[in-house]
Amino acid sequence: MADHVVWAVGCWTAQVFPELVRASVIQQDTYYFAAPAEWSCPPVPAWSDFRAGITGSGSLGGTGLKVGLHEPGPAVALDGARAVDPDLEAHARAFVARRFPSLASAPIVRSEVQHTAQVRWEGDIEPIFSVGGVRLTRVPAHAAVWILGDGSGSVFKTAPVVAATAALVLQGDVPPLGQP
């Protein structure tokens, strides 16, 4: 028997726990633009344009300049076909042309269709802990069952740190929110 069961199911959180979570799923694609060697990372760092709702990085291992969209895109069904949205692609291209003019005509060498759940928790369910904006929440009817995350797949980038911190919280080595 396990001391704790942790569910970390990304966009499927609302389907797995319909009594606790409501969600609409949106598309937020990531694009990789062909870039010459001087756009490699390092030395080109990861970057974020918070106001534009876009993040990215220099080309890692020749993958191309990464441009990830973080603003709301079209609503999608989790079990539907995954295809790049032409409006999101146009938005990413316009951003690259404005922010990185020398890459304005660079072709897209790869794209990733990303889904993100916009989550609404039912009732007064509060997280026990939050690390990097990722919450650890106890399922009210089951003291040993936990939900890690709110529906965004972008936690994948920080998953090892998030999982290690959640384990420390569950072991009692890190205090829950609101406790010293």
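**Buried and exposed spots in a predicted model**

Threonine 13 is buried, with a relative accessible area of just 2%. Here, buried means under 20% relative accessible area, exposed means over 50%, and partly exposed is whatever falls in between (1.4 Å probe, protein chains only). The model is a predicted one, so local features need a pLDDT of at least 70 and side-chain atom pairs count only at pLDDT 80 or more, while totals for chains, interfaces and linings use all residues. Residues are numbered from 1 along each chain as its sequence is written, and side-chain values use heavy atoms, with hydrogens and water left out.

Back to threonine 13, which sits in helix α1 (residues 13-16). Helices (H or I, at least four residues) and strands (E, at least two) are DSSP runs, numbered from the N terminus. The threonine 13 side chain reaches the backbone oxygen of glycine 10 at 2.7 Å. For a polar contact, the pair of N or O atoms has to be within 3.5 Å; within protein, one atom must be able to donate a hydrogen and the other to accept it, and residues adjacent in sequence count only if both atoms are side-chain atoms.

The loop between β1 and α1 holds alanine 8, and this residue is exposed, at 55% relative accessible area. Its C-alpha atom is separated by 18 Å from that of aspartate 79, 71 residues apart along the chain. Valine 5 is part of strand β1 (residues 5-7) and counts as partly exposed, with a relative accessibility of 38%. Together with Trp7, Trp12 and Val16, Val5 makes up a nonpolar surface patch with about 330 Å² of accessible area. Patches take in residues with over 30% relative accessible area and no salt bridge, joining like charges within 9 Å and nonpolar side chains (Val, Leu, Ile, Met, Phe, Trp, Tyr) within 5 Å. The areas themselves come from the Shrake-Rupley method with a 1.4 Å probe, and for residues only the protein chains shown count as cover.

Over in helix α3 (residues 159-171) lies alanine 167, partly exposed at 31% relative accessible area. The C-alpha atoms of alanine 167 and valine 6 are 9.6 Å apart, although 161 residues separate the two along the chain.

What about the strands? Strand β6 (residues 65-69) is mostly covered, with 4 of its 5 residues buried. Two strands pair if DSSP finds at least two bridges between them. On that basis, β6 runs antiparallel to strand β3 (residues 30-33), joined to it by 4 bridges, and tyrosine 32 has lysine 66 of β6 as its bridge partner. Strand β5 (residues 54-57) also pairs with β6 in the antiparallel sense, again over 4 bridges; here threonine 55 is partnered with glycine 68 of β6.

Salt bridges come next, and the structure holds 3 of them. The cut-off is a side-chain nitrogen of Lys or Arg within 4 Å of a carboxyl oxygen of Asp or Glu. Side chains of opposite charge can pair when their charged atoms come close. One salt bridge joins the side chains of glutamate 122 and arginine 22, at 3.8 Å from N to O. This pair links distant parts of the chain, 100 residues apart: glutamate 122 is in the loop between β8 (115-121) and β9 (129-131), and arginine 22 is in strand β2 (residues 21-27). Glutamate 122 is partly exposed at 31% relative accessibility, as is arginine 22 at 35%.

Another salt bridge stays within helix α2 (residues 86-99), where glutamate 89 and arginine 93 lie 4 residues apart, about one turn of the helix. Their closest N and O atoms are 3.5 Å apart. Glutamate 89 is partly exposed at 26%, and arginine 93 is partly exposed at 31%. In a further salt bridge, arginine 110 meets glutamate 112 at 2.4 Å, N to O. Partly exposed is the label for arginine 110, at 37% relative accessibility, and also for glutamate 112, at 24%.

Finally, the cysteines. A disulfide is a covalent bond between the sulfur atoms of two cysteines. With a cut-off of 2.5 Å between a pair of cysteine sulfur atoms, the structure holds 0 disulfides. Cysteine 11 is buried, at 6% relative accessible area, whereas cysteine 41 is partly exposed, at 23%.
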